[in-house]
Amino acid sequence: MRGSLEQESEILAQALALRDDPVGFVHWAYPWGRAGTAFEKYLGPRRWQMEDFKRIAEHTQEQAFRHENGLPLKVWKEARSSGRGPGKSAKFGMMAHWHMSTRIGSTTIVTANTESQLRSRTFPEYAIWFSSAINAHWFEMETIRIVPAKWLLDAVRRLPEEGGLGIDPKYWSCSGQTWSEDNPNAFAGVHNPYGLLLQFDEAAGIPSKIWEVSEGFFTEQNPYRYWMAASQMRGRSGRFFELFNDEQMGDGWDLRTLSTRGMEGVDQGVVEDQIKRYGIDSDFVRVEIMGLPPQTSEDQFIPWDAVRAAQQNSLAQDYGEPLILGVDPAPRGKTSWRFRQGRNARDCCGTATKGAWHAQDNVQIAAEIVKLDMKYNPDAICIDFGMGTGVIDILKRNTRIRHKLHEVKFGSSPHIKDGEFATHAAELWGAMRDWLPGGMVEKDGGEKGSLSHQLTDRGWKWSGREENKKILETKEDLQSRGVKSPDDADALACTFEVNPPRRDDRRGSTSRVVEGVSTWMGES
């Protein structure tokens, strides 16, 4: 209920006094511990929420000082990955209310992975905080929008000499905004000198394109700019995952992983029962309780444990196995190549087991392949046909190696007609996937672009043409979510195109058929 002019002036003065202090604001604004309210059993926010509010307060006060003294400004960017039920949406609601109440004229934009999420969960949570506060009568609730009451708009719009604040409040709101991956530019913000808060709820489901467009929200020099993202880590791809797992992408972000095990306000009996039933190392516990990513996403083609096994295996070298060279050409770009000898794709040719050539044309790439052949004499050279046709044509003229040359047509039909895959690309990656637990590859940190990242970041889906057949996520789809072409992984996959006879068991034969895979060692 609207109070007298004196009462409203006092509330406004108190709110503005807390514009740089969200900690003080949340204690002042809500009826903590008051009997007969939804807050009667609570003395304040949860511990982790208060810790976050303190961090934001320190940042805000620093930016106010920098702004006053003409120093460079920073945007507050935070991401919180958690288990289920720590109060992420509650914190978002309190932050949105603080921002609207203390930055008159400011803009708050909220989005989630779906419009249904905004309507059914996010804004109902926000309504709790706005409607329970000491200044609840300031705001009017709509389905996915919260706006100031008309009388308040009129009051702040009036010039100071008329008793107002002289602020243009046309962008003063807390608005839910939907997005379209096909038209990311439609997800647009405003440049507001009074303050801007952008919140991503269930952020793991928001495509990379939307994150990229959102970067443009914060180009205006303004001390009060905030970007907040929170979610469970339900997959191992996308921008939210990258913030926590790619040092470059996460630079400048305040990152926290919140486990609900031992967290106040969460039923620990349920938590411990889930841990007991599913196991502490299960993906359920990692995602739903610990706030960690799953070991393997539902749509992930190669599981992490397969790659991890190949990184950790230490097997004796079998020099009788055939040596195969796989090449993924990219004329004028990056051409990756890799040797594999049986189980060993780590060091079968020492430091020259793998490598890449940059900005070379077809003739230069072909010449480099000839050099590798002269030095290591592989039993087969398997080259991606897609961008390698020019290289292949050149090498076919070389009588020394043309008999061991094989074209890898990733886009063709599978060689095994009754198998689980709809394309030869998926078939080769499937062979690589099955080989990894008993094979050897180099260790890396899982950083973006590394072999382990390329192997595990590619997804799959069911083919629309053939029932119960799998196809790989296309390179176009990878690119659309900010993932570069898996050239090193493709080079390794090329080595599974053929299966030549063992070096120590050749008895004069230049061609044979291995179960399920034909080899063409005698072709010219």
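**View A. An open sheet of 8 strands with mixed pairing.** In this predicted model, the strands of the sheet follow the order S3-S4-S5-S2-S6-S7-S1-S8. Look to the two edges for strand S3 (139-141) and strand S8 (254-258), each of which pairs on one side only. Going from one strand to the next, the twist averages 15°.

**View B. Strand S1 beside strand S8.** Here we zoom in on S1 (residues 76-82), which pairs with S8 in the parallel sense over 5 bridges. To find your bearings, start at Arg-80: its bridge partner in S8 is Arg-256.

**View C. Helix H4 packed on the sheet.** Helix H4 covers residues 88-102 and touches S1, strand S2 (107-111), S3, strand S4 (145-148), strand S5 (173-176), S6 and strand S7 (225-231). The direction of H4 makes about 165° with that of S6.

**View D. Glu-202, a non-glycine residue with positive phi.** Follow the chain out of strand S6 (196-201) and you meet Glu-202 in the loop that leads to helix H7 (208-214). Its phi is about 50°. Is Glu-202 buried or exposed? Glu-202 counts as buried because its relative accessible area is 12%, under the 20% cut-off.

**View E. Asn-377, another residue other than glycine with positive phi.** The loop shown here lies between helix H13 (362-376) and strand S12 (380-384), and Asn-377 is found in it. Phi of Asn-377 is near 50°. With 41% relative accessibility, Asn-377 is partly exposed, because that class lies between the 20% and 50% cut-offs.

Conventions:
Residues numbered from 1 in each chain as written. Predicted model: local features only at pLDDT ≥ 70, side-chain atom pairs only at ≥ 80, totals over all residues. Heavy atoms only, no water. Helix = DSSP H or I, 4+ residues; strand = E, 2+ residues; numbered from the N terminus. Buried < 20%, exposed > 50% of the residue type's maximum accessible area, 1.4 Å probe, protein only. Pairing = 2+ DSSP bridges. Axes fitted to C-alpha atoms, helices over the stretch in contact; angles between N-to-C directions. Contact = heavy atoms within 4.5 Å.
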